[in-house]
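Colleague: Hey, I'm new to this one. Can you pull it up and walk me through a few bits?

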Amino acid sequence: MATEIKAPTFPESVAEGTVATWHKQPGEAVERDEILVDIETDKVVLEVPASADGVLEEILANEGDTVESEQLLGKIKEGAAPAAKPAEDKPAESSSEEAAPAAASASGDDKVSPAARKLANEKGVDLSSVTGSGKGGLITKEDVQKATAGGGSKPAPAAPQVEVAAGEKVEKRVPMSRMRQTIAKRLVEAQQTAAMLTTYNEVDMKPVMELRKKYKDQFEKRHDGVRLGFMSFFVKAATEALKRFPDVNASIDGTDIVYHGYQDIGVAVSTSRGLMVPVLRDCDSMNLADIEGTIADFGKRGREGKIGIEDLQGGTFTITNGGVFGSLMSTPILNPPQTAILGMHKIQERPMAVNGQVEIRPMMYLALSYDHRMIDGKDAVQFLVTIKELLEDPARILLDV
C-alpha cells in the first residue's frame, strides 16, 4: 500500500514554496513522524513528516522544484523494508579496499546524497575530506554537518580549492533563497511606496543600566532563569508611547487608515537564513519577564529554523537593534504595512553636560523611521522624545506618567 507525501497547506499569505532538502532517498526506510523533506517558503521553512512506517518509494518533486499547497511530493510504501545488500557483492579479497577511507570515492554522485551535496556547496566543505556513515559509505547531510562543526571528519579547507591562472578572478554564483528574494522585494517596495523619513535622538542609558545591575540576579531567580536585558525596557517604553500616539501604531490600507487598538510589536531577529521579525502579541499585558522570555525563545527558534509563519504575521510596530553588531547609527527601513520602526544602536560612553558639569555617560542613538503620509513630523519627534523620557526615568513606565 502506497501513502502519499504531500506539501503542507500553506497560509493565504504564502502562494508557493521550494523543495529545499530531501532527508531520505528512494529505497531508504522511514519511520512515522520522521522529517522527510523541507519546504522553503518566502517566510519560513516547513517540515514535512512521514505519515507511516515503510520505505520511500519515489520522489515526485526534486530539490529546487517549486510546489504549491498540498502538492504531491512523493510516495511511501507502507510496511516495506529496505532491500539488504547481498554479502557476495564484495569479494573476500577486497578486504584491503574496505579498510580504505570511504571518502576516496566521495566525489562520485553515487556516494553523496543530494542534501549533503547541497549543504557542502553552501558551507564550502570539501567532500573528499568527509567520511560517509551511510549505507555503502554514502555521505549524508549529517556527515557534512559534523564536518563543519569539526566533529569526527577531517577538517574541511577554509575555502574550496580552485586552481586558476595568475591574475584570473574567481567568482561563485548561487541562487537567492526564496526568503532572501522576499526580503529584497519588500525592502525595495517599502522605499518606493512610502514617504519615508527618519528622526533621531539620543538616550542616556545610565538609569536603565543601574536598575538592571541592581536587580538582574533577583530577576533571574524570581523568573526561572529568564535574564533581564535592555530590550524589554524598550518594548515597554514603545508600548506606552504607541498608546499616546495612535497614528504611529496605525497602518495604511489603500485610502483608509487602520487604527489598531492593541500593540503587537515585532522584534527583528538575525538568523542564518536572513532577517526575521517575529511578533510580541498584546505587549501592554506583558511584563518584563514575559517579554525577555519570549524574545529569548524567538532567538533560539530562529537559530534552529523553527520560527513559524504564525509568529511572523501581523505586528503594528517594529524594533530593530543594530547595536548588537556594533552599529552606532543607521536608518531602519519600514516593515509594511506598518508606518514606523524604531532603531536601537550601540551604547557608547560620551562626555555629556549634566547640570552644568561634564560627565561620561553611556549614550545610545535612537532612530525612528516613519511614513510621512500617515505621521506628521511633530508626532514622530514627540513619540521618540517620549521613549527617551521613559527610558531615562524607568519609574515613569510603572507609574504611567
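Colleague: Which residues form a nonpolar patch on the surface?

Modeller: Keep in mind that this is a predicted model. The patch is made by Tyr200, Leu328 and Met329. Together they have about 260 Å² of accessible area.

Colleague: Where is Leu328 found?

Modeller: Leu328 sits in a loop, the one between β16 (317-321) and β17 (340-344).

Colleague: And why does Leu328 count as partly exposed?

Modeller: Because its relative accessibility is 35%, and partly exposed covers the range between 20% and 50%.

Colleague: OK, switching to strands. How many bridges are there between β9 and β19, and in which sense do they pair?

Modeller: Nine bridges, in the antiparallel sense. β9 covers residues 196-204 and β19 covers residues 357-371. To pick out one contact, Val203 has Met364 in β19 as its bridge partner.

Colleague: What about β17 and β19, how many bridges there?

Modeller: Four, and that pairing is antiparallel too. Look for Gly343, whose bridge partner in β19 is Ala367.

Colleague: And how many bridges join β18 to β19?

Modeller: Seven, with the strands running antiparallel. β18 is residues 348-354. On that side, Glu349 has Pro362 in β19 as its bridge partner.

Colleague: What do β18 and β19 form, and how many residues are between them?

Modeller: They make a hairpin, with two residues between the strands.

Colleague: Which residue in the turn has a positive phi?

Modeller: That's Asn355, with a phi of about 50°.

Terms used. Residues numbered from 1 in each chain as written. Predicted model: local features only at pLDDT ≥ 70, side-chain atom pairs only at ≥ 80, totals over all residues. Heavy atoms only, no water. Patch = residues over 30% accessible without salt bridge, like charges linked within 9 Å, V, L, I, M, F, W, Y side chains within 5 Å. Areas by Shrake-Rupley, 256 points an atom, 1.4 Å probe, with all protein chains shown as cover. Salt bridge = Lys/Arg side-chain N within 4 Å of Asp/Glu carboxyl O. Buried < 20%, exposed > 50% of the residue type's maximum accessible area, 1.4 Å probe, protein only. Pairing = 2+ DSSP bridges.
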